[in-house]
Amino acid sequence: MERTLSIIKPDAVAKGVIGKILDRFESNGLRIAATKKMQLSRADAEAFYAVHSERPFFRDLVDFMISGPVVVSVLEGENAVSKNRKLMGATNPKEAEAGTIRADFAQNIDANAVHGSDSLENAAVEIAFFFSTREIC
Ligand code: GDP
């Protein structure tokens, strides 16, 4: 059993597809162990994406992530990290496989509908960033 962090990004929340995306997780064996809708502050987004702080797209990424509310969730299941990444599809929706969340709901590499932890190690850090242990059940 693994746990991973998912974020439904502002573009997908604004489109009204929160339920459709959560259904992809539940229909593919990922249990929702915690979930909440929230508005990230600039400081939140900068801290969450600190690993990208030197990248040219950092400012655009932070601006986008605070442009509206997001839905953060802890997903639990067998191979949850890689399973979620597979369901998400490639970072650039134009390269995402048909039937993936990004192929179906994302517009471009900035507004790409979802975030998912890329390793078990990062998942633990990202989950702790958003949730206390008693919120995860
Ligand atoms: P992910 O794990 O698939 O989300 O991709 P990364 O961790 O590499 O990047 C984090 C986020 O930064 C992505 O989801 C994109 O929203 C954004 N991003 C990554 N690469 C680029 C890029 O080359 N240009 C722009 N504009 N945004 C990018």
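**Questions about a predicted model**

Biologist: How far is an oxygen atom of the ligand from an N or O atom in the side chain of His-52?

Modeller: We should keep in mind that this is a predicted model. His-52 belongs to the residues around the ligand, among them also Phe-57, Leu-61 and Arg-85. A polar contact needs a pair of N or O atoms within 3.5 Å, and between the ligand oxygen and the side chain of His-52 the distance is 3.2 Å.

Biologist: Which residue has a polar side-chain atom 2.8 Å from a nitrogen atom of the ligand?

Modeller: Lys-9 can be set aside, since its polar side-chain atom lies 3.0 Å from an oxygen atom of the ligand. The residue whose polar side-chain atom lies 2.8 Å from a ligand nitrogen is Asp-110.

Biologist: What share of the ligand's exposed area does the protein bury?

Modeller: We begin with the ligand taken alone, which exposes 550 Å². The residues around it include Thr-91, Arg-102, Ile-109 and Asn-112. Of the area that the lone ligand exposes, the protein buries 78%.

Biologist: Is strand E3 largely enclosed by the rest of the structure or open, and how many of its residues are buried?

Modeller: Let us look at the two sides of E3 in turn: Val-70, Val-72, Val-74 and Glu-76 point one way, while Val-71, Ser-73, Leu-75 and Gly-77 point the other way. In a regular strand the side chains alternate between the two faces of the sheet. The residues on both sides of E3 are all buried, so the strand is largely enclosed by the rest of the structure, and the count of buried residues is 8 of 8.

Biologist: Which residue of E3 is the bridge partner of Ile-7?

Modeller: Strand E1, residues 2-8, runs antiparallel to E3, residues 70-77, and 7 bridges join them. E1 is mostly covered, with 6 of its 7 residues buried. Within E3, the bridge partner of Ile-7 is Val-72.

Biologist: Which residue of E3 does Ala-34 stand opposite?

Modeller: Strand E2, residues 31-38, pairs with E3 in the antiparallel sense over 7 bridges. Ala-34 stands opposite a residue of E3, and that residue is Val-74.

Biologist: Which residue in E4 does Ile-8 stand opposite?

Modeller: E1 also pairs with strand E4, residues 114-116, in the antiparallel sense and over 3 bridges. Opposite Ile-8, in E4, stands Val-114.

Biologist: How many aromatic pairs are counted, and is the pair of Phe-48 and Phe-130 stacked, edge-to-face or tilted?

Modeller: Rings pair if their centres lie within 6.5 Å, and by this rule there are 4 aromatic pairs. The centres of the Phe-48 and Phe-130 rings are 5.4 Å apart and their planes stand at 45°, so the pair is tilted.

Biologist: How many residues apart in sequence are the parts that Phe-48 and Phe-130 tie together?

Modeller: Phe-48 and Phe-130 are both buried, and ring pairs link them with Tyr-49 and Phe-129 into a cluster. Because Phe-48 lies in helix H3, residues 42-48, and Phe-130 in helix H7, residues 120-130, the parts that they tie together are apart in sequence by 82 residues.

Biologist: How far apart are the C-alpha atoms of Asp-11 and Ala-111?

Modeller: Asp-11 is found in helix H1, residues 10-15, and it is buried, with a relative accessible area of 10%. Asp-11 and Ala-111 are 100 residues apart along the chain, yet the separation of their C-alpha atoms is 5.9 Å.

Biologist: What is the phi of Asn-79, and is this residue buried, partly exposed or exposed?

Modeller: Most residues other than glycine have a negative phi. Asn-79, in the loop between E3 and H5, has instead a positive phi, near 50°. Its relative accessible area is 46%, so Asn-79 is partly exposed.

Biologist: What is the relative accessible area of Ala-113?

Modeller: Ala-113 lies in the loop between H6 and E4, and although it is not a glycine it has a positive phi of about 70°. A residue counts as buried under 20% relative accessible area, and Ala-113 is buried, with a value of 0%.

Key
Residues numbered from 1 in each chain as written. Predicted model: local features only at pLDDT ≥ 70, side-chain atom pairs only at ≥ 80, totals over all residues. Heavy atoms only, no water. Buried < 20%, exposed > 50% of the residue type's maximum accessible area, 1.4 Å probe, protein only. Helix = DSSP H or I, 4+ residues; strand = E, 2+ residues; numbered from the N terminus. Pairing = 2+ DSSP bridges. Phe/Tyr/Trp six-rings, centres within 6.5 Å; stacked < 30°, edge-to-face > 60°. Near = heavy atom within 4 Å. Polar contact = N/O pair within 3.5 Å; in protein donor to acceptor, adjacent residues only side chain to side chain. Areas by Shrake-Rupley, 256 points an atom, 1.4 Å probe, with all protein chains shown as cover.
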